[in-house]
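Thank you for asking me to look through this structure with you. My comments are set out as numbered points, so that you can check each one against the model on your screen.

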Amino acid sequence: MPRRVLVIGSGPILIGQAAEFDYAGVQACLALRGEGVETILVNSNPATVMTDPDVGGTVLIGPLTLSYLTRVIEEHRPDALLPTLGGQTGLNLAVALDDAGVLDRYDVRVLGTPLAAVRAAEDRGGFRDLVIGIGEPVPESAVVESVEDGMRFVEHLHAPIVVRPAFTLGGGGGGFAHSPAEARERIAAGLKASPIGQVLVERSLLGWYEIEFEVLRDANDTTIAICGMENLDPMGVHTGDSIVVAPIQTLPDPLVQRLRRCALKIVRALQLEGGCNVQLAVAPDGADYRVIEVNPRVSRSSALASKATGYPIARMAALIALGRRLHEMPNPATGGNSAAFEPALDYVVVKLPRWPFDKFPTADRSLGIQMKATGEAMAIDREFGPALLKAIRSLEPRGGGWLWEDPAWGLSHRAPPDMARFLTPTDTRLWRMIALLRHDWADAATLAAVTGIAPWFTERLAELVEAEHSLIGSSLAEGKRAGFGDADIATVSGVPWAAVRRARVRSGIHPAYRRVDTCAGEFPAETPYFYSSYADAEVAPPAERRSVIVVGSGPIRIGQGIEFDYCSVRAAWAVREMGLDAVVINNNPETVSTDYDACTRLYFEPLDTESVLDVIDHERALTGAPPMVVLTFGGQTAIDLAKDLAYADVPIAGLSAEAIEITEDRERFALFLDGLGIAGPRGSLAADAAGLRRAIDALDGFPVIVRPSWVIGGRGIAVLRGAEDLREYLATDVGWPLRVDEMVPGIELDVDAICDGSEWSVPGILEQVDPPGVHSGDSVAVLPPQHVTRAVQERAAETAGRIALALGVRGILNVQMIASGDRIVVIEANPRASRTVPIVAKATGIDVVAAAVRCALGHTLAEAGMSVGLAADGPRVAVKAPVGSLWRLPGVSAELGPEMRSTGEVLGLALTAREATELALEAAAAHQG
């Protein structure tokens, strides 16, 4: 067994490579360390749980580049390398280290899947030949390294083609082509995207059904299929942009078993050791299938399969890499039997993607084989319909959900003139199909014929629409069993949402909570992992300790990313350290927070008022005491629940609904600052376009900055520099009323304050390098500030502390302000953790979240291990640099402004600001598209 293992992370959050690799990395590091192995973790993303020393061991936050990793290997001399848990980034770097002779030079062996197998799986031609060699079918194809070679194959084929670049993630650089001109363009783009300049040009299977299997294999050749998953969208839509269902619903079992055997056969032929994703295409009549590709590593689908089944794929893959055998290890869910078993599901899982088009209305919303979603939500229920409805609620659609319908479609008056064009793959296709069924413009058979979606799915949609029509006149219990949320029932019935909940509670209509146990209830299991259902009940054992509920942040999106999962996990761990039961509610299958080992009990539920109140009621029944609820670590998603929870007399830890109202309402916050004698920007409230023009005139004209209330990630905020900007802004969906403020020159500061109700502490201040008007998430930032005197920093910290005390905050508060000379001007305050928290924690070594949790639950700063006032500067300088994925979103401007555009970030840590900046920029450059 190796003594010291190098683990490569995946870097910043990108479209196509997100939080699932933090989950995988955490599982791997904890599994390795549990076996007595020292881990050396290299990652550039500070917002991850894995980059905390109590998880990653020896943690090196630095660039994921060949040169940096070579220096790490030279200095730390690991015995082995585990590359298959860091996404495509980890695989590519492992191959690069091997090609450069670094692994041989320092005698570093690769654990788990051999690099020869990685090359065979990632090399399009080699994989095609291997699959053909074992007697399995592949689409007709050619591996090319030049545009002209590709065009010769296209001319020979005389059919639509798909281009798949080698060694890329998220379908990057790939796409379909229906004409020679399109083919030439696609091949050129794919060759450019591939790091080895190679693409596979293959016959298009557009419209075939897409099936995935997650497979584990050990060195003893024990090979098992953990989960079979079915993409609702047929071939042509990237699986990350598709609705995914588990277990497979529409194929007969003999065909499922045939596909499963094919997946196992491929993994054995590749001699993979660990986790692998196998993708297959099935002809709509079920008479034929083709092998598409494999990912010889854990992936987004691995995380989804782990959460869908309760089987921890990444953890088991790490143990397999150490040489452990599946039959020797116990079932990770039941604690008995053997890990060499295939999970059984007695429920249905539905995953829905979360796209960024609400932030970027000008983006091309069409979906293809190049992924565009930033995140995803997952739901579990006994049947497909209720699980789909729950998944829709988990996307947090403001003002819609299942019932949403774009008035521009005009379906209440007429059918769409071109059904095929209306139902082309976009982020709204599901709702378009629902609307067509609702208005009787199409039936299930028509939808299946036009979209290529399996008729079984369109029939289920039609059943849900029929159930929607029956909500009026049917019993409340029937509506809940069909899966409709209280808000949907209220909208259809024309009554307030609260009235539906009151009637339901008075009638004793409550969801039951069932356990995810990997074995369909056949064996006793203790997994603390639950989902709600209005179907069969399951009695949960009583809990002995009072619970604290940590509300998570849901699917990753621009402006609310992995940093909030980091905060939720650290909060749950802090609660457990205090001797209390840590309960997490979340619905993002990619994350560490939805690992049932991260808390005492996990509820996989929508983060809306209905589901959170139901879990609170259930926890109260389990423990005999009302649980405290922590909202400050789940981003805007959790904060938005405060008013409804307060109305229901739910105790919110460290925070009042009034404090949230003051900080989120721009006008109230301006008056609040005036009352404290704290300077804010000059400005006023505008309720309409005329008011906006008057407010601009009152500030002596442009430039101004406009800010709606209750937003995250700068949503709807804009800098108006002239009349043309004003006209363009008024043409958007403006969130009236909004605050119109002067542009204050100076240096923007991010201040995180922790307060215990009587004293405050500021562990660190970030200076934004970009000028005010650029969202802090898109700005390079440095800690400690380099261009602001210590006296001004002390004044900024004191200002944040005064605001926290005046709001009555116990816990954490983020304040954004501008240092304009010696003057401090406060822009806004967020009564929650922000994206700066993990950066401050990594730069200072202070467990910021644990201290905030302890204060929120009644401890003093001293008891939480915090000193009063602004902490002294540490020995290192931290520089954060943003990283974006806008190249994946055609039609989106890359121009920076007050609305956040980056998907992730990297960190440079060094003794000087110059060195830290160089490291941060090197790390960012490694991930630019």
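The points below go from the whole chain to its domains, and then to one residue and one helix.

1. Please keep in mind from the start that this is a predicted model. The secondary structure of the protein comes to 32 helices and 34 strands, and along the principal axes its C-alpha atoms fill a box of roughly 80 × 75 × 60 Å.

2. The overall dimensions can be checked against a simple expectation. For 929 residues, a compact globule would have a radius of gyration near 30 Å, and the 27 Å found for the protein agrees with this. Of those 929 residues, 64% count as buried. Among the contacts with a separation of 6 or more, 70% are accounted for by residues 24 or more positions apart.

3. Turning to the surface, the protein exposes about 31600 Å², and carbon and sulfur atoms supply 51% of that area. The side chains include 84 positive and 118 negative ones, yet the centres of these two sets lie 0 Å apart.

4. The chain is divided into six domains, which you may like to colour separately: domain 1 (4–111), domain 2 (140–203), domain 3 (209–345), domain 4 (353–506), domain 5 (512–653) and domain 6 (662–908). The C-alpha centres of domain 1 and domain 2 lie 32 Å apart, while six residues of domain 1 are in contact with five residues of domain 2.

5. Is Trp 409 buried or exposed? Trp 409 has its place in the loop between helix H13 (384–394) and helix H14 (419–422). Because its relative accessible area is 8%, which is under the 20% limit, Trp 409 counts as buried. Leaving aside neighbours within four places in sequence, Trp 409 is in contact with Trp 404, Arg 414, Phe 422, Thr 428, Trp 431, Arg 432 and Ala 435. Gly 485, by contrast, is 76 residues away along the chain, and its C-alpha atom is separated from that of Trp 409 by 25 Å.

6. Which residues of helix H25 are buried? Helix H25 (residues 657–664) is mostly covered, with six of its eight residues buried. They are Ala 659, Ile 660, Glu 661, Ile 662, Thr 663 and Glu 664. The buried residues of H25 pack against helix H23 (635–639), helix H24 (642–647), helix H26 (666–676), helix H29 (790–807) and strand E31 (823–830).

Methods
Residues are numbered from 1 along each chain as its sequence is written. Side-chain values use heavy atoms; hydrogens and water are left out. Helices (H or I, at least four residues) and strands (E, at least two) are DSSP runs, numbered from the N terminus. The radius of gyration is taken over C-alpha atoms; the globule rule is 2.2 Å times the number of residues to the power 0.38. Buried means under 20% relative accessible area, exposed over 50%, partly exposed in between (1.4 Å probe, protein chains only). Contact means heavy atoms within 4.5 Å. Accessible areas come from the Shrake-Rupley method with a 1.4 Å probe; for residues, only the protein chains shown count as cover. Lys and Arg count as positive and Asp and Glu as negative; His and the chain ends are not counted. The place of a charge is taken as NZ of Lys, CZ of Arg, CG of Asp or CD of Glu. Domain bounds come from an automatic or database domain assignment.
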